[in-house]
Amino acid sequence: MSREEAREMVNKAVVVGGTHGNEYTGVYLLEKYHEYPHLLKPKTFELEYLLANPEAFKHNRRYLDRDLNRSFKQSDLKDPLLSGYENARAKEINDQLGPKGDARVDMIIDLHTSTAPMGVNLVLTQTDTFHLMLVDYVQQRMDDVTVTLEKQQDHHFLMTVADRHVLVEVGPVPQGQLKHEVFEKTEQAVQLIAEFIEHYNQHSLPQPSESIDIYEYFGVMHLPTDPLGNICGMVHKNIQDRDFQTLKSGEPIFHLFNGEDEFYDGEDCTISFINEAAYYDEKKAFSMSKKHTYHIG
Ligand SMILES: [Zn+2]
């Protein structure tokens with residue numbers, strides 16, 4: 001094997017759970033792997049597990065001081081003035097798995113859940129051949145898999161500590177709860193990702209699809225608020241549970257406490273994370289994306 005090939009290989013991967021402390025599926029899937037290590041035993045790479053936010057998990061909260069999955073910008077990791085539990089934890093994780101940009105581990109698989117019926121949502125931050133082939137591999141072997149892209153300069157996601165990464169977000173499941181179907185789908189996705197890495201390392205990947213559809217986020221819609229900033233309405237029943245469907249101009253999106261409806265006024269787009277419980281801290285109602293088709297290879 002040439003040195004080039006050795007570098008290309010995924011030699012060390014980490015499965016991360018509990019980046020958000022009240023998303024139990026990832027936390028307990030790690031527990032399961034600890035207890036039954038034979039369930040995930042890759043031959044061509046080392047696998048580690050990390051419970052990312054143990055304090056938030058103890059308190060059944062998404063985070064204590066700050067969203068851990070928004071705390072991994074290089075500028076924040078290097079800022080000695082940032083205090084609070086998650087900023088300190090981000091630096092610890094960066095020391096343990098990274099440092100970001102020159103990381104000890106080659107790949108991070110970060111497990112999340114959504115309260116919205118998102119199915120299995122694989123989130124990428126980049127669209128090179130490796131990542132396109134990875135999500136295609138999973139999508140071809142599992143039902144109900146969508147791929148989204150969240151590009152950003154100096155990304156704030158935990159998983160970006162490693163050059164190669166994927167976020168697995170499965171829903172619907174309430175916060176602080178385990179749901180059989182969601183747990184099963186998450187486990188199946190992890191299994192397929194591990195299988196993909198094995199094939200990749202052994203140069204035995206099957207022929208990928210010609211192209212893949214990916215939803216790229218371009219904005220969020222906030223909940224309606226009064227002049228004091230208090231929520232004054234809710235997500236309209238017209239769009240509830242319509243994740244990954246098209247929203248057209250003129251459709252009702254909010255029902256206000258005063259009895260009136262508010263209507264969407266904009267370009268047709270795909271909406272997801274509709275009425276996501278975790279988004280209430282920032283008063284977000286849903287995310288907006290556009291579908292793009294990527295050629296693979
Ligand atoms: Zn999450």
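# Reading a predicted fold

Reader: Which residues in helix α6 are buried?

Author: In this predicted model, the buried residues of α6 are F130, H131, L132, M133, L134, V135, D136, Y137 and V138. A residue counts as buried when its relative accessible area is under 20%. By that reading α6, which covers residues 129-139, is mostly covered, with nine of its eleven residues buried. When you look along a helix, keep in mind that an α-helix has 3.6 residues a turn, so residues three or four places apart point the same way.

Reader: Where does the chain go before and after α6?

Author: To read such a passage, follow the chain from one strand, over the helix, to the next strand. Here the chain leaves β4, passes through α6 and arrives at β5, and this β-α-β crossover is right-handed. The two strands it connects, β4 (residues 119-124) and β5, pair in the parallel sense over five bridges, and within that pairing V120 stands opposite V145 of β5.

Reader: How many residues of β5 are buried, and what lies on each of its faces?

Author: A strand has two faces, and each should be examined separately. For β5 (residues 145-149), five of its five residues are buried: V145, V147 and L149 lie on one side, while T146 and T148 lie on the other, and both faces are covered. Besides β4, β5 also pairs with β7 (residues 211-222), in the parallel sense and over two bridges, with T148 standing opposite Y215 of β7.

Reader: Which strand pairs with β7 in the antiparallel sense?

Author: That strand is β13 (residues 284-295), which is joined to β7 over eleven bridges, and S211 stands opposite H295 of β13 there. Going one step further, β13 also pairs in the antiparallel sense with β12 (residues 269-272), over three bridges, where S289 in β13 is the bridge partner of T270.

Reader: Which residues are the protein donors of the zinc ion?

Author: To read a metal site, begin with the donor atoms, then their angles, and then their places along the chain. The zinc ion has as protein donors ND1 of H20, two OE atoms of E23 and ND1 of H112, at 2.0 to 2.3 Å. The angles among these four donor atoms run from 57 to 150°, and the site is irregular. Along the chain the donors follow the spacing H-x2-E-x88-H. Distant parts of the chain are thereby linked, for H20 sits in the loop between β1 (12-17) and α2 (24-35), whereas H112 belongs to strand β3 (residues 107-113), 92 residues away.

Reader: Are the two histidines, H20 and H112, buried or exposed?

Author: Compare each value with the cut-off of 20%. H20 has a relative accessibility of 4%, and therefore counts as buried; H112, at 3%, is buried as well.

Reader: What do the UniProt annotations cover?

Author: An unreviewed UniProt entry lists residues 11-196 as "domain: Succinylglutamate desuccinylase/Aspartoacylase catalytic", a span that is 33% helix and 20% strand. It also lists residues 211-291 as "domain: AstE/AspA barrel-sandwich hybrid", and that span is 0% helix and 47% strand.

Reader: How many helices and strands does the protein chain have, and what is its radius of gyration?

Author: The chain has seven helices and 13 strands. Its radius of gyration is 20 Å, which agrees with the value near 19 Å for a compact globule of 297 residues. Along its principal axes the C-alpha trace spans about 70 × 45 × 35 Å, and 50% of the residues count as buried.

Notes:
Residues numbered from 1 in each chain as written. Predicted model: local features only at pLDDT ≥ 70, side-chain atom pairs only at ≥ 80, totals over all residues. Heavy atoms only, no water. Donors = N, O, S within 2.8 Å, 3.2 Å for Na, K, Ca; no water. Tetrahedral: all angles 85-135°; square planar, octahedral: opposite > 155°, others 65-115°. Helix = DSSP H or I, 4+ residues; strand = E, 2+ residues; numbered from the N terminus. Buried < 20%, exposed > 50% of the residue type's maximum accessible area, 1.4 Å probe, protein only. Pairing = 2+ DSSP bridges. Right-handed = clockwise from strand over helix to strand, strands pointing away. UniProt positions renumbered as here; feature names shortened; annotations may be inferred. Rg over C-alpha atoms; globule rule 2.2 N^0.38 Å.
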